[in-house]
Amino acid sequence: MARCQYRGNTKEWRRNDRLAKRNGPLPMRRISANASRRCSSSQPTKQGNSAKRSQFIPAADSKHDWIGPPHSLSNLRPIIYHIPENETELEKQLRTLRQETEDWNHAFWTNQNITFNKEKDAFILSQLKEKGLTERDEKGRKRALNSEEMAVFYKHFLDENCIRHANYNKDWYRRNFTITLLMGRVAFHNIWRTLAERRGWKKGSPTT
Amino acid sequence: MYKSTCSVLTGLVGVSVNQKLLGRNAIRNHQSARSLIQMPRRDPSQWMTFQHLNFLKRQYVMRSNNALYQRAKPKQTAILTVLEDNRDDSQIQQVPTIDHVPMVTDVTPPPPQPETTTTNVTATPVSSPVSTVAAQEILAVLKPTSSKTVSPPQTKAVSSAAGSGTEMLEVPHVQVESDEAREARLERQWKELKVDLAELPDVYAKLAKIKLTALVVWTAAAGFAMAPVPFDPATFFLASLGTGLASCTANSINQYFEVPFDSNMNRTKNRPLVRGQISPLHAVGFALACGVPGITMLTLAVNPLTGALGALNIFLYTCCYTPLKRLSIINTWVGAVVGAIPPIMGWTAATGALDPGALLLGGFLYCWQFPHFNALSWNLREDYSRGGYRMMSVTHPGMCKRVALRHSLGLIGLSVLGPVLDVTTWTFPLVSLPINLYISYLAFRFYQKGDRSSARKLFFCSLWHLPMLLLLALTCKKSRTDKEGVAKTLSLAPAPLPLAMQN
């Protein structure tokens with residue numbers, strides 16, 4: 001019986017939570033009762049700080065990775081990686097690289113989205129102040145600027161973050177290539193291994 | 001019309017309406033009554049959800065715990081739910097605000113056992129809540145209390161429409177989903193990462209952007225057909241197929257590169273790689289499986305020039321346009337060249353040479369690309385900015401509008417070049433003038449007003465303008481007669497051919 005372990009990297013999530021807390025208040029989520037009941041992973045589920053990420057635990061007999069819904073802040077989908085029993089060095093390397101890239105991506109986009117929205121709100125507020133308007137109108141709805149006025153902010157945001165984006169691109173392309181190459185190697189090794197095993201069976205005793 | 005649809009398909013309501021009908025005039029309604037009686041006896045699990053328009057708003061009849069609810073859903077504006085939970089599209093069920101519901105006839109939900117009531121169709125009148133409801137508009141408004149008693153896990157919250165700069169309505173919350181319900185819902189959305197063979201064709205179609213590929217193949221086919229040579233169906237087919245495969249490759253690699261960016265933009269967040277339906281390696285494998293045979297086919301079965309152009313196009317799109325999207329606005333010009341190459345490929349597939357006619361057709365595509373793309377990108381400025389894409393519409397809005405207008409007018413000029421280069425007859429500039437003027441007019445309005453609606457109008461016009469233009473060019477193609485006087489191709493006004501035109 002294959003024993004499968006799942007681990008999510010909660011460290012990164014906690015770091016992101018601290019980052020998020022610095023930037024603004026965010027809703028905290030409790031770990032669902034379901035998850036804690038089914039909790040059979042080696043990684044202890046931590047309440048409180050890491051609660052932002054859904055503590056989903058896949059079924060123990062599943063042999064595949066699992067992908068979740070988009071995260072509320074980064075819009076990226078988290079993946080829980082399946083660790084097979086006889087994991088090779090190459091597979092471990094691939095898995096750790098993918099996990100690390102996922103965390104790195106999540107951190108970048110969370111920061112990006114939070115910063116964007118904060119700056120956008122600040123911009124709108126400042127523009128409204130200049131016009132002498134309150135943030136909300138008589139009906140209690142938030143006032144909005146038209147697209148021409150917003151375009152100024154969009155351009156500014158892009159220009160401000162030009163270098164950061166360029167660096168992210170370079171890193172992302174590099175990681176993507178490496179991961180895909182590793183995936184290719186792992187797939188090739190698996191096929192090779194399967195073929196070798198089959199050849200071994202054929203050569204082996206036919207009476208078994 | 002509306003009434004009859006309502007009465008046939010909404011089981012419970014149909015029952016109550018039927019009662020009235022039967023009561024009044026049994027003979028006339030005998031036929032319909034029979035069918036109505038038979039309808040409700042069907043297993044409720046076979047009832048389908050459906051929607052029917054009600055002039056101003058949409059109503060959805062939804063099945064929830066064997067009860068039917070009909071609720072009005074206000075038309076949704078573009079929602080940017082960055083700080084809110086981004087839901088999987090398939091799970092969206094919106095609770096309407098109380099303000100939007102015009103007619104509140106009945107507050108309580110229908111009785112939970114519709115089977116028992118429907119079997120009593122001919123005998124007794126239906127129980128009171130349903131019978132009091134008017135046949136035309138039945139709206140069950142979900143109040144927080146009543147909905148919680150029915151099905152807590154299925155109630156949803158309205159994600160506040162913190163939309164784009166222009167439309168920032170805050171839809172007032174009717175009720176907020178509890179934490180447990182939200183957790184449970186999110187847990188249900190976890191999926192195993194394994195390839196589902198049944199879904200694979202659909203996944204491949206999305207990966208290859210099949211509709212865009214179809215348009216590209218159409219432009220290549222038009223290029224082939226416009227070439228002044230005898231039409232060879234075999235070469236035509238091979239050239240189209242090869243171009244299609246090359247386009248599939250380019251699109252797949254593009255999506256492979258852009259996974260995190262696509263995740264963050266509303267337009268692209270349901271792509272296969274974003275959703276994890278296939279792995280990146282699988283996508284690259286698919287791209288290679290399309291690209292290698294495609295380019296080989298073009299090089300060997302058609303001619304090397306076409307093959308080279310195909311390979312160049314893939315390279316330009318994947319290695320130049322895609323990275324440049326995030327570095328500089330020059331990506332739009334590169335993208336226009338990418339769009340211009342397929343008709344050139346079609347022409348070279350037919351003739352084997354890079355004639356001026358080929359470049360003219362390429363020129364049409366090049367010029368068309370600007371009003372098309374600039375108008376599209378105008379309404380996506382917030383997404384582009386947040387995603388870090390450097391587009392003219394965001395960084396240089398004035399230039400964006402100018403360029404769109406300039407190139408729309410350029411289309412008129414290029415149409416005149418058609419007869420000059422002996423590609424088409426002189427009727428072509430005349431018949432294409434109306435559509436070219438129209439798109440230029442829309443581009444001018446876009447230049448003047450620069451708002452969402454003018455951008456949208458220009459974009460949608462560009463979608464039909466291009467196929468129409470190519471079709472007109474085909475019908476105005478200059479007929480070809482060689483020395484033996486063989487096959488004349490279709491043309492509206494055959495003009496006397498100069499001797500130089502003969503092959």
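This is a short talk on the aromatic pairs, the cysteines and the chain A–chain B interface in a predicted model.

Okay, let's get going. Keep in mind throughout that we're looking at a predicted model.

I'll start with the rings. How many aromatic pairs does the structure hold over all chains? There are 29 of them. Take B:Trp333 and B:Phe370: the ring centres are 5.6 Å apart and the planes sit at 55 degrees, so we call that pair tilted. What I like here is that the pair links distant parts of the chain, with B:Trp333 in helix H15 of chain B and B:Phe370 in helix H16, 37 residues apart. As for exposure, B:Trp333 is partly exposed, with a relative accessible area of 24%, while B:Phe370 is buried, at 0%.

Staying with helix H16, have a look at B:Phe364, which forms an edge-to-face pair with B:Phe428, 6.0 Å centre to centre and with 80 degrees between the planes. B:Phe428 belongs to helix H20, residues 427–449 of chain B, and B:Phe364 to H16, so this pair ties together parts 64 residues apart in sequence. Are these two rings buried or exposed? Both B:Phe364 and B:Phe428 are buried.

Then there's an aromatic cluster with members from chain A and chain B: A:Trp104, A:Phe108, A:Trp109, A:Tyr168, B:Phe261, B:Tyr384 and B:Tyr389. One of those, B:Tyr389, also has a charge over its ring: the charged end of B:Arg326 is 5.2 Å from the ring centre. For another arginine over a ring, go to B:Arg381, which lies over the face of B:Trp378 at 3.8 Å from the ring centre.

Now, on to the interface. Chain A puts 65 residues into the contact and chain B puts in 54. Between them the two chains bury about 5,600 Å², and 57% of that is on carbon and sulfur atoms. How many salt bridges does the rule find across this interface? It finds two. A:Lys120 makes a salt bridge with B:Glu382, where the closest N and O atoms are 2.7 Å apart.

Last bit, cysteines. Searching the whole structure turns up zero disulfides over all chains. For B:Cys319, the nearest cysteine sulfur belongs to B:Cys320 and is 6.5 Å away, whereas a disulfide needs the sulfur atoms within 2.5 Å. B:Cys319 is partly exposed, with a relative accessible area of 42%. A:Cys162 is partly exposed too, at 31%.

That's it from me, thanks.

Conventions: Residues numbered from 1 in each chain as written. Chains lettered and ligands numbered in written order. Predicted model: local features only at pLDDT ≥ 70, side-chain atom pairs only at ≥ 80, totals over all residues. Heavy atoms only, no water. Phe/Tyr/Trp six-rings, centres within 6.5 Å; stacked < 30°, edge-to-face > 60°. Helix = DSSP H or I, 4+ residues; strand = E, 2+ residues; numbered from the N terminus. Buried < 20%, exposed > 50% of the residue type's maximum accessible area, 1.4 Å probe, protein only. Lys NZ or Arg CZ within 6 Å of the ring centre and 35° of its normal. Contact = heavy atoms within 4.5 Å. Buried area = accessible area lost by both parts, 1.4 Å probe. Salt bridge = Lys/Arg side-chain N within 4 Å of Asp/Glu carboxyl O.
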